[in-house]
Amino acid sequence: MNGPSTDARQGIHLPAVVVASAYLALLLITARPVGFSRDEGFYFKAARSYQGWFSVLFDEPGRAFRRESVDKHWRYNHEHPALMKVLFGFSHRLFHQSLGLLSPSTAYRLPGMVAAAMVIYLLFVWGAQLYGRPIGLFAALAFGFLPRVFYHAHLACFDVAITAAWLLVCYLYWRSLSSWRFGLAAGAAFGVAICVKLNAFFLPFLLGLHYLVLLAHRRRRLGRLAFKDGPKPWAFLFGLLVAPPIFLLHWPWLWFDTFTRLGRYVGFHAAHAHYNTAWFGENIIGPPTPLSLPVVMTLLTVPSVIVLLFVAGALVRLRHYVGRRLDQRLWSFWPTFGPPSQNGLDLLVWFSVIFPIALISMPHVPIFGGTKHWMPAYPFVALVAGIGVSHLIATVANGLPRLPRRVVQTLVVIALLVPAVQQSLTAHPHGLASYVPLAGGAPGAASLGMTRQFWGYTTAGIAPWLNENAPQGSTVFFHDTSAPSVEMFRRESIVRPDLQSARLRRADYALVHHELHMIMVEAWIWSDFRTHIPAHVLTYQGVPLVSVYRRPSETR
Amino acid sequence: MIKAAILARLNWLWAIVLVVGVVEVALQWQIPQGEPRPADWKKAARAIAAEKQPHDLVVIAPHWAGQGRMYLGQLMPLRDLGRFDTAIYDRIFEVSVGKARSNETLNLVAESETRFGNITLRRYRLPPKAEVVYSFSNQMNEAVAHGFRRREARVMIDHWFQPRWVIPIPLSGNTASLSFDNVPLDGVLRGYGIVDYRHGRHNKGGPVMLSIYVDEKKIGTHEVANFGPLAPFQFELPGDVGRVRFAVKAPDAFNRQFGMIAHVLRRPGGDR
């Protein structure tokens, strides 16, 4: 048998939809305080530009396909595929401009939030199909309430969307090993994934490696491949056939000078700039990336209970492979859980946990300090953690036989989700400043010299002070907040529209987003404003995120 | 042989997960409770203001708690904030959040300790300080610059992300020099040189060579390398009064900023 039984499938989709919808509603409710990140500003602008092309398409279809129209509207931000930005634009057009249901920024952000809800849905369904509903529910919510994920899930960016696409492709690939229909779906999903973000181009390596290991294992076990009854490579075949046309069709920028532009797209990322990353008091700006960076950052930012459950879940599954070779009595306190792996599912999950982290750990991969860059590993981390929960439920149920099992399940799942939910909600909207309490939280991380934030999104946190204190028409140096993001802050009156963005020398107020590699900006402000006394400081758990300086009148 | 009953009890090892969960929740609640309130900072500032003398230093621990400057900024001028060492101070007032300590007080014993909410104010006495006979950064109006435009001392960030109060000297490949006349030469000349972090972080070019002349006679050189250790230069002076010239050269380091600070000290306090 491959895939879940009919029994297991029953009654899964409706609760999965309910949980995913509730998560989406929570994201919508909590979106307003999340400031506009640097990249979001660029994507807002790109979404507007691309919608311009669709307007031409709807009005004068003939003109839209001319090179000058394509170049004009699709040139901006052509270093990333267009899919998400197109969706941001259509969402804005529909939910803000036409229906007036959402604010402009929330309308732009909605597709990213829906992608997050998709991960919740998929994890619930897959986890429930494999190990039962409590595990599916735990895996889904554990992922959704990882504090960094909860932050990114609000944004009009690609990171959560590629996580959703990555998970979907892995799921469909696994199902495709014995079904050509799922193979077709996997191929199409892979096509969509490469339209979301570059990461997806690494999926064939992950899945190809998995498939080869499956074949090798089969050959060792049976002495031959027995291809007819074995795992089928449908996903690869359909991926080759379906994905390239989807990619080319979705992105008008590639319709002219296709190979040159494709080359530039790949070249941009092959020679990607190194981002500054604070790492134990040092600023890393070039290769090699510390090998331990993704693992250490994961340990510092993923709630410790989930890490512990992940280790427990991994050991529980590992027993299927290791335990049977050892004295059974030694393992009696550590039973296994779930059926034996089908079509190399455990291996796929393991590869999916390790691969994104290993990829970013490679010494010459450009530095990407944010945990978002290995976020596609996290749904699988949550899934394995769910297996750990299953055993804890069994242990508690055995110890408390009078309690109905359903009550035990509910209590254990809720209890184990509390730390993640608490950390996500208390860190909100400063998710990038969140560090696990066992590491001392944000103060502990600041003392360790770790990254406090990036993208300049925390401007939202000082906006109320600025609005209340800055005289009419004041000029503000917004530091790391990109111009399009500042524009959105003003458009939505989060920052008073009369406050003008200005260079430091001309500013009445200056912001400094506290990031190690930009520490000199504060020194520039001290020199230019002739004061080192901030007028206001935004803190999270007592750690400064943004300082605001007011220019003394004598230095005007 | 391990008894089955013992193994069965090991099942309760799983309770560790729940315990970690409880600890995590408690800590997440407790961490913000340690955040100082504005009133705590204000009380500490008032207490220091009542006691502070001209050669006292105010420090905040941990170093990242910059919000403290909103309340203590008047008591910690920029040149104190940009200090290289504590050689010219009598006492340190350490305003610490929770149990944090400043590196500069780690080897000192507090004379007094007072708590203001989540803030602890400690006072330390330093070994006898060096007497500043002449501070070059205070005499920039009198200085003559060659090869660059003279600018007042200001804060520059070094490779260790520390603010440093320095005389800025841009590097262009040619020698830049800065001369001071009528400098009292009774004592030692002591100072530091740094390369601005922003310009030096790619670690290209360098090192920067600083040569010091008294009445056009070289008394010493000091090399400042990118990401090299921070070390002071110190040279004996011949006595009397004379002209001191600092010459800065970095043949292969363009578009970078060098910063230096120097004093004539009568009784150097060493690297404390």
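Me: Is A:Ser493 buried, exposed or partly exposed?

Reply: For a call like that, look at relative accessibility: partly exposed is the band between under 20% and over 50%. This is a predicted model, and here A:Ser493 comes out at 44%, so it counts as partly exposed. You'll find A:Ser493 in the loop between α22 (483-491) and β4 (500-501) of chain A. Check its backbone too: phi is near 60°, a positive value in a residue other than glycine.

Me: And A:Gln541, buried or exposed?

Reply: Use that cut-off again: under 20% is buried. A:Gln541 has 8% relative accessibility, so it counts as buried. A:Gln541 sits in the loop between β6 (536-540) and β7 (543-550) of chain A, and its phi is near 55°, again positive without being glycine.

Me: Which residues have the most contacts inside the largest nonpolar core?

Reply: The general idea is that in soluble globular proteins, nonpolar side chains tend to be buried together. In this model, the largest nonpolar core has 255 residues, and A:Trp74, A:Leu466, B:Phe136 and B:Phe246 have the most contacts inside it. Helix α7 (residues 104-131) of chain A gives the largest share, 17 residues. Apart from that core lies another, of six residues, including B:Leu57 and B:Tyr124.

Me: What is A:Trp74 in contact with, beyond its neighbours within four places in sequence?

Reply: Among its partners are A:Trp53, A:Phe54, A:Trp251 and A:Trp253.

Me: Where are the cis peptide bonds at A:Pro429 and B:Pro62?

Reply: Read omega for these. A:His428 and A:Pro429 are joined with omega about 5°, and A:Pro429 is in the loop between α19 (405-427) and α20 (441-448) of chain A. From B:Ala61 to B:Pro62, omega is near 0°; B:Pro62 is in the loop between β1 (56-61) and α4 (69-72) of chain B.

Conventions
Residues are numbered from 1 along each chain as its sequence is written. Chains are lettered from A and ligands numbered from 1 in the order in which they are written. This is a predicted model: local features need pLDDT of at least 70, side-chain atom pairs count only at pLDDT 80 or more; totals for chains, interfaces and linings use all residues. Side-chain values use heavy atoms; hydrogens and water are left out. A nonpolar core is a set of buried Ala, Val, Leu, Ile, Met, Phe, Trp, Tyr and Cys residues joined through side-chain atoms within 4.5 Å. Buried means under 20% relative accessible area, exposed over 50%, partly exposed in between (1.4 Å probe, protein chains only). Helices (H or I, at least four residues) and strands (E, at least two) are DSSP runs, numbered from the N terminus. Contact means heavy atoms within 4.5 Å.
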